[in-house]
Amino acid sequence: MSDVQDWLQSSNFESHPSFKFVDVGDKIRGEIVAPPRIVTTSDLNGGESDKLVVDIKAEADGETYSIWVKKGAMGRAVAQAVNEAGVKQLQEGGVLGLAHTGLGTPSKPGFNPPKLYQASYRAPAAGVNPDDIFGS
């Protein structure tokens with residue numbers, strides 16, 4: 001698929017407010033309502049980085065939010081939750097929970113401490129495809 005096709009395909013997703021993990025204890029849990037996607041963004045140094053964007057309908061308020069999963073502690077927490085669920089990836093219909101659980105040690109003096117996260121994931125229930133029973 002070309003870069004243009006990738007861009008056009010990613011443009012078909014609805015826009016939702018981002019869920020912000022500002023304070024220790026901020027958390028969200030809910031059903032994934034669209035296929036997770038990779039988005040390339042510009043960083044402060046003029047480079048680019050890929051982020052996993054997961055749209056979920058929050059159990060707490062019923063609103064739909066986009067979670068921008070960054071590489072590092074957040075990405076490791078989500079990857080571990082997916083692994084513990086015994087699946088290979090996040091899927092639409094699955095339930096993702098993510099919590100900002102603390103602050104780590106800054107990598108250099110004067111740097112902000114990294115945010116630490118814990119995640120949980122439950123894959124969607126496997127259903128029976130009617131085509132498997134009745135044919136297409």
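A residue counts as buried when its relative accessible area is under 20%, and as exposed when that area is over 50%. The structure used in these exercises is a predicted model.

**Exercise 1. Decide whether Thr64, Lys20 and Thr105 are buried or exposed, and place each of them in the chain.**

Step 1. Begin with Thr64, which belongs to strand E4. Its relative accessibility is 19%, and therefore Thr64 counts as buried. Apart from neighbours within four places in sequence, the residues in contact with Thr64 are His16, Pro17, Val33, Asp55, Ile56 and Lys57.

Step 2. Turn next to Lys20, which sits in the loop between helix H1 (3–10) and E1. Because its relative accessibility is 57%, Lys20 counts as exposed. Although Lys20 and Trp68 are 48 residues apart along the chain, their C-alpha atoms are separated by 8.9 Å.

Step 3. Finish with Thr105, found in the loop between E5 and E6. Thr105 has a relative accessible area of 67%, so this residue is exposed. From Thr105 to Lys115 there are 10 residues in sequence, and the C-alpha to C-alpha distance is 9.2 Å.

**Exercise 2. Describe the order of the secondary structure elements and find what share of the chain is buried.**

Step 1. Count the elements, which come to three helices and six strands.

Step 2. Read them from the N terminus on, which gives the order α-β-β-β-β-α-β-β-α.

Step 3. Consider burial over the whole chain, where 26% of the 136 residues count as buried.

Step 4. Look at the contacts in the chain with a separation of 6 or more, of which 55% are accounted for by residues 24 or more positions apart.

**Exercise 3. Examine helix H2, and work out which of its residues are buried and what covers them.**

Step 1. Compare the length of H2 with expectation: the helix has 12 residues and reaches 16 Å from its first C-alpha to its last, close to the 16 Å expected at 1.5 Å a residue.

Step 2. List the buried residues of H2, which are Ala73, Met74, Ala77, Val78, Ala81 and Val82. The elements covering them include E4, strand E5 (95–103) and E6.

Step 3. Follow the chain just past the end of H2, where Gly86 takes a positive phi of about 80 degrees.

**Exercise 4. Identify which residues touch the most other members of the largest nonpolar core, and which element gives the largest share of this core.**

Step 1. Among the 20 residues of the largest nonpolar core, Ile67 and Leu90 touch the most other members. Two or more residues of this core come from each of strand E1 (27–32), E3, E4, H2, E5 and E6. H2 supplies the largest share, six residues.

Step 2. Look more carefully at Leu90, which, leaving aside neighbours within four places in sequence, is in contact with Ile32, Pro36, Leu52, Val54, Val78, Val82, Leu96 and Tyr121.

**Exercise 5. Describe the largest pocket and the residues that line it.**

Step 1. Take the volume, since the largest pocket holds about 630 Å³ of space. The pocket is lined by 18 residues, and those closest to its centre are Lys51, Lys70, Met74, Lys115 and Tyr117.

Step 2. Assign the lining to elements: strand E3 (48–58), strand E4 (64–69), helix H2 (73–84) and strand E6 (115–122) each give two or more residues. E3 gives the most, with three residues.

Step 3. Sort the lining by class, which yields nine nonpolar, three polar and six charged residues.

Methods. Residues numbered from 1 in each chain as written. Predicted model: local features only at pLDDT ≥ 70, side-chain atom pairs only at ≥ 80, totals over all residues. Heavy atoms only, no water. 1 Å grid on protein atoms, 1.4 Å probe; cavity = no way out; pocket = protein on both sides within 12 Å on 5 of 7 lines; lining within 4 Å. Points joined across faces, edges and corners; volume = space filled by probe spheres on them. Helix = DSSP H or I, 4+ residues; strand = E, 2+ residues; numbered from the N terminus. Nonpolar A, V, L, I, M, F, W, Y, C, P; charged D, E, K, R; others polar. Expected span 1.5 Å × (residues − 1). Buried < 20%, exposed > 50% of the residue type's maximum accessible area, 1.4 Å probe, protein only. Contact = heavy atoms within 4.5 Å. Core = buried A, V, L, I, M, F, W, Y, C linked by side-chain atoms within 4.5 Å.
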